[in-house]
Structures are given as structure tokens and as C-alpha cells.
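Student: I have a model open and want to learn to read it. Where do I start?

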Amino acid sequence: MDLRTTYILLFSLVALTGAVPVKYLDCGSAVGKVSMVDINPCPTQPCQLHKGQSYAVNVTFSSEVQSDTSKAVVHGGIAGVPIPFPIPIEDGCKSGISCPIQKQKSYTYVNQLPVKAEYPSLKLVVEWELRDDTGKDLFCIKFPVQIVS
């Protein structure tokens with residue numbers, strides 16, 4: 001391993017250890033178990049999401065079932081009403097997960113949460129689900145955010 005590769009690995013590890021896991025609520029992970037949620041950048045909680053920017057959402061979970069496919073569904077809860085929150089890639093198998101998903105294996109799901117400039121400034125709760133090929137939740141998490149200018 002050359003010196004450049006060593007430095008890249010070292011800085012990557014420092015960046016990973018500097019990440020602060022996000023506090024979340026499990027909202028019904030029927031066939032999986034979440035071990036960690038990370039949103040980057042999110043130095044304070046609730047995460048302040050700036051309009052016109054995109055945020056990396058990483059969820060580490062283990063699956064209790066085998067599944068050939070997975071699909072993400074994201075909502076923003078405003079006054080108890082779920083509003084669809086579009087994400088760039090709904091296919092979990094194209095979001096850091098090698099499909100088919102195997103039973104009793106751990107996975108890190110990675111996606112982007114784009115915050116459009118036209119979104120209103122407000123506090124809300126994001127509900128993020130990853131469904132297996134039967135429609136059951138591999139994970140379902142809720143976390144508070146604040147959209148700011």
C-alpha cells in the first residue's frame with residue numbers, strides 16, 4: 001500500500017468516526033432491525049436541512065428475511081399528515097445494498113435526501129421505509145428535521 005492510499009484510508013476513518021449517529025424512532029421495522037442512522041451533514045439535532053442542498057442518509061440494518069428487491073418510501077409528516085418526499089433512487093438495490101438481500105446479514109443503505117428550494121421553512125418528522133419484495137418494512141425510521149433557508 002502506498003503512502004497516498006494510507007492517507008486516504010486514514011482520513012476516511014477519521015471522517016467516519018467523526019459522524020454523529022442521528023436519534024430516531026423505529027416505526028415498525030417488521031422484518032429487519034436498525035442499528036444506526038447517520039445523516040450528513042447534520043452536526044446538531046434536529047437536523048437543519050438547508051433549501052437547495054442534498055443530504056446523505058445512511059441506515060445500517062440487519063434483515064430477518066431474504067428479499068430479491070427493496071423499495072424506499074419517504075414521507076414528511078406535517079401536522080400528522082404524511083406528505084410524499086421524493087428521493088432520487090427508490091430502488092434499495094441501487095442504494096448500497098447488494099441484492100438479493102440475505103437473511104441474518106447486515107447492510108448499509110445509502111441514499112440522498114434533496115431539499116428543494118421551494119419547500120417551506122418548517123419543522124417536520126421524516127418517515128423513511130425500506131420495503132422488501134412482499135411490501136414489509138426491512139426498516140422504518142422516523143427522525144425530526146427542520147427545513148431552513
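Tutor: We will go through confidence, fold, core and salt bridges in turn.

Student: What should I know about confidence in this model?

Tutor: This is a predicted model. Where pLDDT is low, the predicted coordinates should not be read in detail. Here the chain averages a pLDDT of 88, and 87% of the residues score at least 70. Over residues 1-18, however, the pLDDT is below 50. Beyond near neighbours in sequence, that stretch has two contacts in the model.

Student: Which helices and strands does the chain have, and in what order?

Tutor: Count one helix and nine strands. Along the sequence the pattern is α-β-β-β-β-β-β-β-β-β. The helix comes at the start of that pattern, and the strands follow.

Student: How much of the chain is buried?

Tutor: Of the 149 residues, 36% are buried. The chain exposes about 8500 Å². Carbon and sulfur atoms supply 59% of that area.

Student: What share of the contacts joins residues 24 or more positions apart?

Tutor: Take the contacts in the chain with a separation of 6 or more. Residues 24 or more positions apart account for 66% of them.

Student: How do I read a nonpolar core?

Tutor: Start with the general idea. In soluble globular proteins, nonpolar side chains tend to be buried together. In this model, the largest nonpolar core has 33 residues. F61, Y109, W128 and F139 have the most contacts inside it.

Student: Which elements give two or more residues to this core?

Tutor: They are β2 (32-40), β3 (47-50), β4 (54-63), β5 (71-78), β7 (106-114), β8 (122-131) and β9 (137-148). The largest share, six residues, comes from β9.

Student: Pick one core residue. What does F61 touch?

Tutor: Leave out residues up to four places away in sequence. F61 then touches K33, V34, S35, I97, K105, S106, Y107, Y109, L130, L138 and F139. Two of these, Y109 and F139, are also listed among the residues with the most contacts inside the core.

Student: Now the charges. How many salt bridges does the structure hold?

Tutor: Three. To read one, find the two side chains, then ask where each partner sits and how exposed it is. In one of them, the side chains of K142 and E127 meet at 3.8 Å, N to O. K142 lies in strand β9 and E127 in strand β8, so the pair ties together parts that are 15 residues apart in sequence.

Student: Are K142 and E127 buried or partly exposed?

Tutor: K142 is partly exposed, with a relative accessible area of 32%. E127 is partly exposed too, at 23%.

Student: Which residues do shared salt-bridge partners join into one network?

Tutor: E129, R131 and D137. The side chains of E129 and R131 meet at 3.3 Å, N to O. Those of D137 and R131 meet at 3.8 Å, N to O.

Student: How does burial look across those three?

Tutor: E129 counts as buried, at 8% relative accessibility. D137 is buried as well, at 10%. R131 is partly exposed, with a relative accessible area of 29%.

Student: Where is E129 found, and what is in contact with this residue?

Tutor: E129 is found in strand β8. Its side chain makes a polar contact with the side chain of R131 (3.3 Å). Set aside neighbours within four places in sequence, and E129 is in contact with K71, A72, V73, H75, D137, F139 and C140.

Terms used:
Residues are numbered from 1 along each chain as its sequence is written. This is a predicted model: local features need pLDDT of at least 70, side-chain atom pairs count only at pLDDT 80 or more; totals for chains, interfaces and linings use all residues. Side-chain values use heavy atoms; hydrogens and water are left out. pLDDT is the predictor's confidence in each residue, from 0 to 100. Contact means heavy atoms within 4.5 Å. Helices (H or I, at least four residues) and strands (E, at least two) are DSSP runs, numbered from the N terminus. Buried means under 20% relative accessible area, exposed over 50%, partly exposed in between (1.4 Å probe, protein chains only). Accessible areas come from the Shrake-Rupley method with a 1.4 Å probe; for residues, only the protein chains shown count as cover. A nonpolar core is a set of buried Ala, Val, Leu, Ile, Met, Phe, Trp, Tyr and Cys residues joined through side-chain atoms within 4.5 Å. A salt bridge is a side-chain nitrogen of Lys or Arg within 4 Å of a carboxyl oxygen of Asp or Glu. A polar contact is a pair of N or O atoms within 3.5 Å; within protein, one must be able to donate a hydrogen and the other to accept it, and residues adjacent in sequence count only if both atoms are side-chain atoms.
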